[in-house]
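Thank you all for coming. I would like to take a few minutes to walk through one structure, and I would ask you to keep it in view while I talk.

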Amino acid sequence: MFEALSVSASGMQVHQTWIDAISDNVANVSTVRRTSQTAFQSRYVVAQALENGGTGSGVAVSGIALSSPIGKLVSDPTNPLADANGMVRMPDVDLGEQLTTMIMAQRGYEANISQLDRVRQSYESAIQMGRG
Amino acid sequence: MLEDVSISALHAALNGLAARQSAVSDNVANVNTPFFTARQVGFENDLRQALADGSDPLSVSPTVSATTDAAGLTGNNVNLATQTTLGVDTNLRYELALRATGDRFTLLRSAIRG
């Protein structure tokens with residue numbers, strides 16, 4: 001009963017995971033590592049639609065893709081992690097891309113909440129039917 | 001005796017509208033899923049035909065089909081504005097059909113009470 005609610009819930013869940021991943025990427029935008037180590041890798045959420053042969057049963061996270069471990073080499077001789085040439089490894093996180101994606105994820109989350117509320121209204125009315 | 005054709009027709013409409021609302025929920029859930037194609041639900045024409053033919057309205061089952069809108073950059077063709085409007089529209093139609101069904105039962109109840 002009330003299956004349509006879980007469809008919107010799955011949408012909210014995926015967008016929440018997406019927001020979490022973006023937050024983590026932004027939090028690590030300045031994570032410095034030694035040149036001998038791999039850079040912090042941005043996380044990209046992979047969404048997959050769930051098919052049930054009918055109107056569909058929502059969406060799920062099917063995996064997390066990682067960006068390049070190479071990152072970029074930056075000259076920072078005063079950094080304690082710098083190598084003999086004064087270089088450190090920084091992640092290749094594009095802050096502009098992350099923040100615009102964050103807005104998309106937020107709007108997607110909100111759209112699912114609105115839809116959830118409409119479905120709830122319909123169910124509520126159905127429960128009330130026949131009482132008048 | 002209590003199952004007349006108008007209650008059956010309203011029941012079929014409620015089934016169709018519930019399926020449409022599920023499809024809208026699924027489309028909204030997949031608003032950012034790459035290569036997702038939005039689905040739509042139709043039942044009005046079949047229901048109209050069933051009523052015209054005098055066949056059982058409840059034999060009508062909603063048909064699910066893919067939308068043909070052009071896909072965007074990510075291969076996803078969900079239009080959030082369209083889906084939101086359709087969600088509101090479907091919700092109102094569902095409430096209307098419920099109201100009509102409820103009123104129909106109220107008539108029956110009045111008749112039973114005498």
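I will begin with how the model is to be read, and then take up a pair of helices, the contact between chains, and one single residue.

This is a predicted model, in which local features need pLDDT of at least 70 and side-chain atom pairs count only at pLDDT 80 or more, while totals for chains, interfaces and linings use all residues. Residues are numbered from 1 along each chain as its sequence is written, and chains are lettered from A and ligands numbered from 1 in the order in which they are written.

Let us start in chain B, where the axes of helix α1, residues 5–29, and helix α3, residues 80–113, come within 9 Å and cross at roughly 155°. That makes α1(B) roughly antiparallel to α3(B), a term used for angles over 145 degrees; axes here are lines fitted to C-alpha atoms, for helices over the stretch in contact, with angles from 0 to 180 degrees between N-to-C directions. Helices themselves are DSSP runs of H or I with at least four residues, and strands are runs of E with at least two, numbered from the N terminus.

Among the residues of α1(B) that meet α3(B) are Leu10(B), Leu14(B) and Leu17(B), and on the α3(B) side they include Leu86(B), Tyr94(B) and Leu98(B), where contact requires C-beta atoms, placed from the backbone, within 7 Å.

Staying with α3(B), this helix has 34 residues and reaches 49 Å from its first C-alpha to its last, close to the 50 Å expected at 1.5 Å a residue, the expected span being 1.5 Å times one less than the number of residues. Several of its residues are buried, including Gly87(B), Thr90(B) and Ala97(B), and what covers the buried residues includes α2 (95–128) of chain A together with α1 of chain B. Just after the helix, Gly114(B) takes a positive phi of about 75°.

How many residues of chain A are in contact with chain B? There are 27, and they touch 29 residues of chain B. On the chain A side, α1, β1 (43–49) and α2 each supply at least two residues, and α2(A) gives the most, with 12 residues.

Finally, Asp24(A) lies in helix α1, residues 3–27, of chain A. Asp24(A) counts as partly exposed because it has 13 C-beta neighbours inside 10 Å, given that 20 or more would make a residue buried and 12 or fewer exposed.

Terms used
Parallel < 35°, antiparallel > 145°, perpendicular 65-115°, else oblique. Contact = placed C-beta atoms within 7 Å.
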